[in-house]
Amino acid sequence: MRALFVLAGCLLAPALASAQPAPAACPVAGLRLEDEIAKAPQLREPANEQTVRDLRTLRDAGIVLDAFGYPAECARVAAILRDLLDNPRKAIGQGGDTDEDKAEAIEESRAPKSPGKK
């Protein structure tokens, strides 16, 4: 009987040792960004479409950071989003840069790079 307990302990020990508490979910998901955008009349104006896209990009970045195992960074992105959503005028005033050169540089950096042909 004692051998049975020893065997069970040997089999269960690695599983229990590797068990870690589940990480807390990224707080970005709890912001309900789309609902917040719908509630803010300034963010629904056509002139602020870029700001809304930027807010969504930040949300997506937080989710990706969480997926790669960076919960602290995800929480920081969530705090920034919360601040911008609490003050839509601040989000609009700081975002939506219309500098064409910057926009082209961003678009170029987003394009996938393929190795040059030899």
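**Surface patch, nonpolar core and disulfide**

In this predicted model, V64, F68 and Y70 make a nonpolar surface patch of about 340 Å², where a patch consists of residues with over 30% relative accessible area and no salt bridge, nonpolar side chains being joined within 5 Å. V64 belongs to helix α4, residues 49-67, and is partly exposed at a relative accessible area of 43%, a class lying between buried (under 20%) and exposed (over 50%), as judged with a 1.4 Å probe and protein chains only. Residues are numbered from 1 along each chain as its sequence is written. Local features need pLDDT of at least 70 and side-chain atom pairs pLDDT 80 or more, whereas totals for chains, interfaces and linings use all residues, and side-chain values rest on heavy atoms, without hydrogens or water.

The largest nonpolar core, a set of buried residues joined through side-chain atoms within 4.5 Å, has 16 residues, of which V28, L33, I37, L43, L55, L81 and L85 touch the most other members. Two or more residues come from each of α2 (33-39), α4 and α5 (71-86), with α5 giving the most, six residues. Apart from neighbours within four places in sequence, L81 is in contact (heavy atoms within 4.5 Å) with V28, L31, L33, L55, L58 and R59.

One disulfide is counted, the criterion being a pair of cysteine sulfur atoms within 2.5 Å; this disulfide joins C26 to C74, with an S to S distance of 1.5 Å. The pair links distant parts of the chain, 48 residues apart, since C26 lies in the loop between α1 (2-18) and α2 and C74 in helix α5. C26 is buried at 10% relative accessibility, and C74 is buried at 1%.

Note on methods: Patches are made of residues with over 30% relative accessible area and no salt bridge: like charges are joined within 9 Å, nonpolar side chains (Val, Leu, Ile, Met, Phe, Trp, Tyr) within 5 Å. Accessible areas come from the Shrake-Rupley method with a 1.4 Å probe; for residues, only the protein chains shown count as cover. A salt bridge is a side-chain nitrogen of Lys or Arg within 4 Å of a carboxyl oxygen of Asp or Glu. Helices (H or I, at least four residues) and strands (E, at least two) are DSSP runs, numbered from the N terminus.
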